[in-house]
Amino acid sequence: MISEVCKDKKRSGHRSNHPGKGGNTTNRNSFKIEYKLEGQIESIDGDKISAKMYNPDSDQWGILHFALNDIDKTEHKNVFEGSALNVFIGKERINGTDRKAKRFIFRKFLYDTKVINSILESMYDNPISQITTEL
Amino acid sequence: MKSKIDFEKRPSEIELGIVFFGLFNPDIFSPKWMFDNRLISKNDLDNIQEIEQEQGNFRMFFTEFLKLRIEKDSNKKDFVRVWINDLKAIEILIDFVILFNPLIKSSAEEILEIDFKTHYQFDSKNERKRLMNKSLNTDKLNSIFDKPKLEVVRIDGNSRINGLNNDMQLAISPCNRPDLTNPLHVNIYNQLSKLVDNINIFDRLNEDLIVSIVNNSIDKINLYFK
């Protein structure tokens, strides 16, 4: 009898037909997304940040205000006007207890574009002839 | 982000994965290596869930949103698979693979797989059987046995997308997971390869390509349920 069943979740390879839990049923620190907002930072005033955000579920735009402290410190380098981010609102489970939580995740790919743009702007501000003259 | 097509019938679980093939050493792709290459954040690194590891053979670990498995293969087709279980996190997956791509492309084969796996649940085994048997609609096959029951469906197809060849497979089979009610796998595998020699598949890997394939996969799953 030919019958395909979920294989061992832990040892199954990339063509395992098993979606879902992916080998782990007891996430110690899991985050369940309830909804997400997509957008970009509009303005930064000290540690106060305003971002124009879109809710794809309700098809609505709005302004989200939050503080720099809401963002993981290692992500602060990504905080600038125009940077793109997603805000995930949901529940985190820590040691078996659920609580409301949110995550600010910056688009890494677009951050790289921003870095490239800043390099290009720097090149325009310091044309090659000026650099060679200084040399 | 291009809007995604909605499911006609909503699955109870989904998994969207991107698979790189090549010669990979699972010991190199540690969470620390991922962090050093800006693929995951410090918060991810601090809270990483190491699921399992066998030195030199395989490694699997999870962040809050991403799951990774790196595995050596005896047929020299090692793979790195990164996946999500919630389509809302698709941008995190996309950013990861776009940044990961240049780091591994010298060790990777010019083949990419984007797989889209789902679990559907049914109130009864009969309901699941009725859906499966919809595909058993030729008299020739129907007459072989009394009360025939279709167990597995595999349909291969092919398309072209953004200058790449896409070998697709729709794979449907019952599942025996005890924590789900009469579950059924409805999976779409998209294997991308280059059409002509003078292009590099990794140069074509971008957000539009991934979102198009996701939309196309959902569209195919919807067609099965229509």
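Select B:F21 and B:F79 to begin, since B:F79 in β5(B) is the bridge partner of B:F21. The structure is a predicted model, in which local features need pLDDT of at least 70 and side-chain atom pairs count only at pLDDT 80 or more, while totals for chains, interfaces and linings use all residues. Residues are numbered from 1 along each chain as its sequence is written, and chains are lettered from A and ligands numbered from 1 in the order in which they are written.

**The sheet of chain B**

Widen the selection to β1(B) and strand β5 (residues 78-84) of chain B, which pair in the antiparallel sense over seven bridges; helices (H or I, at least four residues) and strands (E, at least two) are DSSP runs numbered from the N terminus, and two strands pair if DSSP finds at least two bridges between them. Next show the whole open sheet of nine strands in chain B, whose order is β2-β3-β4-β5-β1-β6-β9-β8-β7 with antiparallel pairing. At its edges stand β2 (49-54) and β7 of chain B, each with a single partner strand, so one side of each is left without a neighbour in the sheet. From one strand to the next the twist averages 15 degrees, where axes are lines fitted to C-alpha atoms, for helices over the stretch in contact, and angles run from 0 to 180 degrees between N-to-C directions.

**Helices across the sheet**

Add α3(B), which lies across β1, β5 and β6 of chain B and runs at about 160 degrees to β5(B). Then select helix α6 (residues 207-225) of chain B, which lies across β1, β6, β7, β8 (164-174) and β9 and runs at about 140 degrees to β9(B).

Which residues of α6(B) are buried? They are B:L209, B:I210, B:I213, B:V214, B:S217, B:I218 and B:I221, a residue being buried if 20 or more other C-beta atoms, placed from the backbone, lie within 10 Å of its own, exposed if 12 or fewer, and partly exposed in between. These buried residues cover an arc of only 165 degrees around the axis, which puts them on the same side of α6(B); the arc is that of the directions from the helix axis to the C-beta atoms. They pack against β1 (13-22), α3 (90-104), β6 (108-120), β7 (153-161) and β9 (184-194) of chain B, and the face turned away from this buried side carries the exposed residues B:D208 and B:L223.

Finish this chain at B:N182, in the loop between β8 and β9, which has a positive phi of about 40 degrees although it is not a glycine. B:N182 is partly exposed, with 17 other C-beta atoms within 10 Å.

**Chain A**

Now move to chain A, where the elements run β-β-β-β-β-α-α from the N terminus on. Select strand β2 (residues 48-55) and β3(A), which pair in the antiparallel sense over eight bridges; among the paired residues, A:N55 has A:Q60 in β3(A) as its bridge partner. In this hairpin, with four residues between the strands, A:D59 takes a positive phi near 55 degrees. Strand β3 (residues 60-67) of chain A is hardly covered, for the count of buried residues among its eight residues is zero.

A further stop is A:N95, in the loop between β4 (84-94) and β5 (97-106) of chain A, where phi is near 50 degrees, a positive value in a residue other than glycine. A:N95 counts as exposed, with 6 C-beta neighbours inside 10 Å.

Finally, colour chain A by pLDDT, the predictor's confidence in each residue, from 0 to 100: the mean is 74, and 59% of the residues reach 70 or more. Where pLDDT is low, the predicted coordinates should not be read in detail.

Conventions. Two residues are in contact if their C-beta atoms, placed from the backbone, lie within 7 Å.
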